[in-house]
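Grab a viewer and work through a few short exercises on the structure below. Each one sets a task and then walks through it step by step.

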Amino acid sequence: MQSVAAFTDTYLPTVNGVTYTIQTWRERWHRRGGRMDVVFPADDDYDPEPGEYGVRSLPFPFYEGIRIGAPRIPGAVDDVDVVHAHTPFGLGLAGLRLARRRDLPLVASYHTPTGEYAEYLSSVGAIERGVERTAERYERWFFDRADAVIVPSEDAERRLVDEVGVEAEIVVLSNGIDAERFEPVEGGDFRRRYDLGDGPLIGYTGRHGYEKRLDELVRAAADLDATLVFGGDGPARDELSALADDLGADAHFLGFLDREELPAFYSALDVFCFPSPVETQGLVALEANACGTPVVGVNEGALEDTVLDGVTGYHYESGDLEGFRRGIRRALAEREALSARCLDRRDEVSVDRSVDRLAALYDRLASK
């Protein structure tokens, strides 16, 4: 198997979709006897394992939990066969430099549309648009220097081609979910542990970012006979909690959950709700489905493809709160049938299938 150096600006102790994908791919790569090292921004709260190399870093001032790593190449990764950049910034530039210096294949993953986060830098519309345009120009410059760009969904491919203008080879490859971990479990203990009652339970877990429009979920839930539960945390949490209080929504904020708890969280829910229009795949939706829980998600971004209407859940149009409520009510009413169809698709979205395709891509590029 090819030896790989993965460069990322997002890694432990920060827990999010990018971190989870890199960790899961690395674990499966090692299970197959391969080597996949990770270069990431060092953090005093995380003790690296063998093959993980932290570089000097500073916190990103506009987005909590993100650090900016110095574009440095640890000597221990200088002998790899393939470079995989999981970021176009900071450490992604280090990966690009290593690939060019050693004439190695460079694979780049498109995890996050950076222009979507312009509102964190300024609330002035003209400045936001300027930041978005600058981000897109930079993304185009970086990704066009890769031998292949991995995107997790067809929507992400359309965005890179049509909006960003990337001309490099693009490969649609799902991040995949760990089907060994995410499977249905008995959710009663989770309900009792967090005092969530026995009635209908709807919820979300992930980063509480403003761009994810979680206020739509709070507003929709306020007029439903259901308990709303949030896992995770982020800059919007306090405002979401205050909004729930103002609207009289029965909402519980659990904070970050250990990954070991997530199968029970998903299994305890009757419906997983996902209003975020900025996802490049929406892994938590696939995790919920793998646990037999249907998803009601916005008909925008990657969720257009990730949520299959009438199969794994239902869509609603962003901002249509009544449509959101209808989708949730329908999913609650059809929970048993939707759950069975979700479980039928577990193998299709497994990380093992994704790593099979990843290995084939590495082999093809390294043999050129």
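**Exercise 1. Take Asp103: work out whether this residue is buried or exposed, then look at its backbone.**

Step 1. Asp103 has a relative accessible area of 70%. Exposed means over 50%, so Asp103 counts as exposed. Bear in mind that this is a predicted model, and the values here are computed from it.

Step 2. Now place the residue in the chain: Asp103 sits in the loop that links α2 (90–102) and β7 (106–109).

Step 3. Check the backbone. Phi is positive at Asp103, about 55°, even though the residue is not a glycine.

**Exercise 2. Do the same for Arg213: which loop holds this residue, and what is its relative accessible area?**

Step 1. Find the loop. Arg213 lies between β10 (201–205) and α6 (215–221).

Step 2. Read the backbone angle: Arg213 is not a glycine, yet it has a positive phi of about 55°.

Step 3. Turn to accessibility. The relative accessible area of Arg213 is 34%. Partly exposed is the class between under 20% and over 50%, so that is where Arg213 falls.

**Exercise 3. Trace the strands around β2: which strands are joined to β2 by bridges?**

Step 1. Start on one side. Strand β1 (residues 4–7) runs parallel to β2, and four bridges join the two. One pairing to look for is Ala6 with Val38 of β2.

Step 2. Follow the chain from β1 to β2. It passes through helix α1 (residues 17–31), making a right-handed β-α-β crossover.

Step 3. Go to strand β3 (residues 52–55), which is also parallel to β2 and joined to it by four bridges. Here Val38 has Glu52 of β3 as its bridge partner.

Step 4. Ask how covered the strand is. Six of the six residues in β2 (residues 36–41) are buried.

**Exercise 4. Pick out Asp37 and describe its surroundings: is it buried or exposed?**

Step 1. Asp37 belongs to strand β2. Its relative accessible area is 5%, so Asp37 is buried.

Step 2. List the contacts, skipping neighbours within four places in sequence. Asp37 is in contact with Val4, Ala5, Ala6, Arg26, Gly51, Tyr53, Ala76 and Val77.

Step 3. Compare sequence and space. Asp37 and Glu52 are 15 residues apart in sequence, while their C-alpha atoms are 5.8 Å apart.

**Exercise 5. Go back along the crossover and inspect Pro13 and Thr24: where does each one lie?**

Step 1. Pro13 is in the loop between β1 and α1. The peptide bond joining Leu12 and Pro13 is cis, with omega about 10°.

Step 2. Thr24 is part of helix α1. Its relative accessible area of 9% is why Thr24 counts as buried.

Step 3. Leave out residues up to four places away in sequence, and Thr24 touches Asp178 and Val351.

**Exercise 6. Describe the second largest cavity: which residues line it?**

Step 1. Count first: there are two cavities of 30 Å³ or more. The second largest holds about 40 Å³ of space.

Step 2. Select the lining of that second largest cavity: Leu286, Asn289, Ala290, Cys342, Arg345, Arg346 and Val349.

Step 3. Sort the lining residues by type, and you get four nonpolar, one polar and two charged.

Step 4. Sort by element instead. Helix α9 (residues 283–290) supplies the largest share of this lining, three residues.

How values were computed: Residues numbered from 1 in each chain as written. Predicted model: local features only at pLDDT ≥ 70, side-chain atom pairs only at ≥ 80, totals over all residues. Heavy atoms only, no water. Buried < 20%, exposed > 50% of the residue type's maximum accessible area, 1.4 Å probe, protein only. Pairing = 2+ DSSP bridges. Right-handed = clockwise from strand over helix to strand, strands pointing away. Contact = heavy atoms within 4.5 Å. 1 Å grid on protein atoms, 1.4 Å probe; cavity = no way out; pocket = protein on both sides within 12 Å on 5 of 7 lines; lining within 4 Å. Points joined across faces, edges and corners; volume = space filled by probe spheres on them. Nonpolar A, V, L, I, M, F, W, Y, C, P; charged D, E, K, R; others polar.
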